[in-house]
Amino acid sequence: MSTFQYDVLVIGAGGAGLMAALYASKSANTAVLSKLYPTRSHTGAAQGGISAALGNHEEDHWEWHAYDTVKGSDYLGDQDAIEIMCREAIDVVIELEHMGLPFDRTPEGKIAQRPFGGHTRNYGEAPVRRACHAADRTGHMILQTLYQQCIKHNVNFFDEFQVLDLIIEDGVCKGAIAYEIDTGEIHTFHAKAVILATGGWGKCWSVTSNAFTLTGDGAAIVLRHGVPLEDMEFFQFHPTGIWKMGILITEGVRGEGGILRNNLGERFMERYSPTLKDLAPRDVVSRAIYMEIREGRGIDGKDYVYLDATHLGRERIEKKLPDIADFCRTYLGIDPAEQPMPVQPTAHYAMGGIPTDVDGRVIVDANNTPLYGLYAAGEVACVSVHGANRLGTNSLLDLVVFGRRAGIHAAAFANEIEFQPIPDNADEPTRELVERVRTHDGDENVATIRAEMQKLMMNNVGVFRTEELLTEAVEKLKELKERARNISIQDKGKRFNQDLLEAIELYNLLDLAEVTALSALNRTESRGAHSREDYPERDDENWLKHTLIYREEDGSYRFDYKPVTITKFEPKPRVY
Ligand SMILES: Cc1cc2nc3c(=O)[nH]c(=O)nc-3n(C[C@H](O)[C@H](O)[C@H](O)COP(=O)(O)OP(=O)(O)OC[C@H]3O[C@@H](n4cnc5c(N)ncnc54)[C@H](O)[C@@H]3O)c2cc1C
């Protein structure tokens, strides 16, 4: 066991964590802890692009981008944060370019941009080309570029260190407790400021675009420390996952001109979104796919439709969508230049998360009271720029804009204060947890409970929800949590014990599944990605507000609410 001391500790090495670390390291001694080798973080899977109103192909303005984001969020996004994100987008994308990010180019050598769902010109008139991209490997390029910059700036990395707890005392965060995967040792990291950038929790669902590692650790840890989670009912289903597998087919395919078709060959999005058609926001397209399937127009009567890119031509597909072409050949045995791709909505992105202000400070109530020393950025955080539904390409943007702001603020905070003392036994609860999981002799196993949870979440807390389905989900999740106390793992060793870590990750997923189902049951309206069939209308009078869910010490939950910040755009009916 060792105790390490850093001014700023960043937990997570995806786009958000690396951008935060890069900026924090400019003025503070900074370390990054990551359960994965940094360049294996899920940001590397992001395909389609990062948005910024550069106007490289046609006229564009950050105010149009802000309007699209507000409307995309179904008016639940906080407009002050959205304005910051869309304004800073231009400068941050150019900064990435100067760091060496190899964007695709226009014939004149500017950063190439393509259309993406919900991004429009002149306040909704028609699609606009706003997604800056490096083929369909944009996230990979961002991750590699930021990692190289961090190495260049001497950021300290602790790779394959999994954080299992935070040290929080008297409203101040003072560090973290981490498990070294290679040795099984538990280490204490003493810090003046901690930035959580641990990513999302798509593994709560059975069909998902998310990797095995996306288990929501950061969000679950703070929930257990009494920090609320915000807007957990809003989880995005991306319309085009590969049927049954969930592997993502980027919206960039539709950005390049791909078309969704039902079993009659109809371009059905023309009926649901006459102006934007296939490039409507994701909540609209996912619902439309399910409506087609319900009305018997799924392909061969099954639960999928086709994404047709055959008219784009082989050259364009290979140049602009090379990874997608590879996925299709590898996983489906089809050539997308010749055959359409079978797709269904896949659990993709957490709009909710740990509430923060625009400098990344974690806040603990509706009055925006900060928890000193704790910051969050990226998918784990809720600032909230995505509200009830995120627009494609706005996540990569959120990571770099708010990662940068969190890094700057955390370093300034750390430079103003002394290290706060931590108790000698700060790691005791973690040691007990690890020992209990390692040695418990029960008759349940991780894989069975995880599979049951994922199926339940897919069936009951998916695109369409009802009181009946959600109540059943809440009850069954309680039962699953009870059963999970009786898990026995096979590997009793200390080195690379994935059995042990998967059990602890399952506890995190179960907690997040439970607060998602509870928050969805609580919100009796339909807004963005939260579609209640028993409350089909948006209800601004009662529900134009953010949900905060708190876990009490006895394990029960309570709700509070926070107003939505509206600056320029008053809520209107959302038609595309
Ligand atoms: C297939 C796919 C394609 C996408 N395409 C796009 C796109 O084109 N444009 C767009 O804007 N968005 C896209 N997204 C969304 C976007 O990629 C993610 O929201 C974003 O990358 C999340 O970044 P992050 O930095 O918050 O977390 P991640 O990149 O997921 O990184 C999380 C980090 O936290 C670490 N970590 C987690 N738990 C612990 C722990 N307990 N201890 C220590 N470390 C921990 C991990 O090791 C990892 O380093 C896509 C998502 C997917 C799944």
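## Two domains and the links between them

The domain assignment splits out domain 1 (240–344) and domain 2 (427–535) in this chain. The model is a predicted one. The centres of the two domains, taken over C-alpha atoms, are 31 Å apart.

**Where the domains meet**

How many residues of each domain are in contact? Six residues of domain 1 touch six residues of domain 2. Together, domain 1 and domain 2 bury about 550 Å². Of that area, 63% is on carbon and sulfur atoms. Which residues supply most on the side of domain 1? Arg-287, Tyr-290 and Arg-294 supply 74% of the area that domain 1 buries against domain 2. No other three residues supply more.

Charge plays a part here too. The rule finds one salt bridge across the interface of domain 1 and domain 2. Three residue pairs are in polar contact across the interface of domain 1 and domain 2. The residues of domain 1 on the side touching domain 2 divide into two nonpolar, one polar and three charged.

**Salt bridges**

Side chains of opposite charge can pair when their charged atoms come close. The structure holds 57 salt bridges. Here are two salt bridges by name.

| Residue | Partner | N to O distance |
|---|---|---|
| Glu-533 | Arg-294 | 2.8 Å |
| Arg-523 | Asp-231 | 4.0 Å |

Look at the pair of Arg-523 and Asp-231, whose side chains meet in a salt bridge. Why does this pair tie together distant parts of the sequence? Arg-523 lies in the loop between α15 (498–522) and β20 (531–532), and Asp-231 lies in the loop between β10 (229–230) and β11 (235–242), so the pair ties together parts that are 292 residues apart in sequence.

**A region annotated in UniProt**

The unreviewed UniProt entry annotates residues 463–490 as a "coiled-coil region". In the model, the chain over residues 463–490 is 64% helix and 7% strand. The end C-alpha atoms of this stretch are 36 Å apart.

**Two backbone exceptions**

Most residues other than glycine have a negative phi, and most peptide bonds are trans. Two places in this model go the other way. The peptide bond from Val-383 to Ser-384 is cis, with omega near -10°. Ser-384 sits in the loop between β18 (381–382) and α11 (394–416). Ala-135 has a positive phi, near 45°, although Ala-135 is not glycine. Where is Ala-135 found? Ala-135 is in the loop between β5 (126–132) and α4 (138–152).

Methods: Residues are numbered from 1 along each chain as its sequence is written. This is a predicted model: local features need pLDDT of at least 70, side-chain atom pairs count only at pLDDT 80 or more; totals for chains, interfaces and linings use all residues. Side-chain values use heavy atoms; hydrogens and water are left out. Domain bounds come from an automatic or database domain assignment. Contact means heavy atoms within 4.5 Å. Buried area is the accessible area (1.4 Å probe) that two parts lose on being put together, summed over both. A polar contact is a pair of N or O atoms within 3.5 Å; within protein, one must be able to donate a hydrogen and the other to accept it, and residues adjacent in sequence count only if both atoms are side-chain atoms. Ala, Val, Leu, Ile, Met, Phe, Trp, Tyr, Cys and Pro count as nonpolar, Asp, Glu, Lys and Arg as charged, and the others, Gly among them, as polar. UniProt positions are given in the numbering used here, feature names are shortened, and annotations may be inferred rather than shown by experiment. Helices (H or I, at least four residues) and strands (E, at least two) are DSSP runs, numbered from the N terminus.
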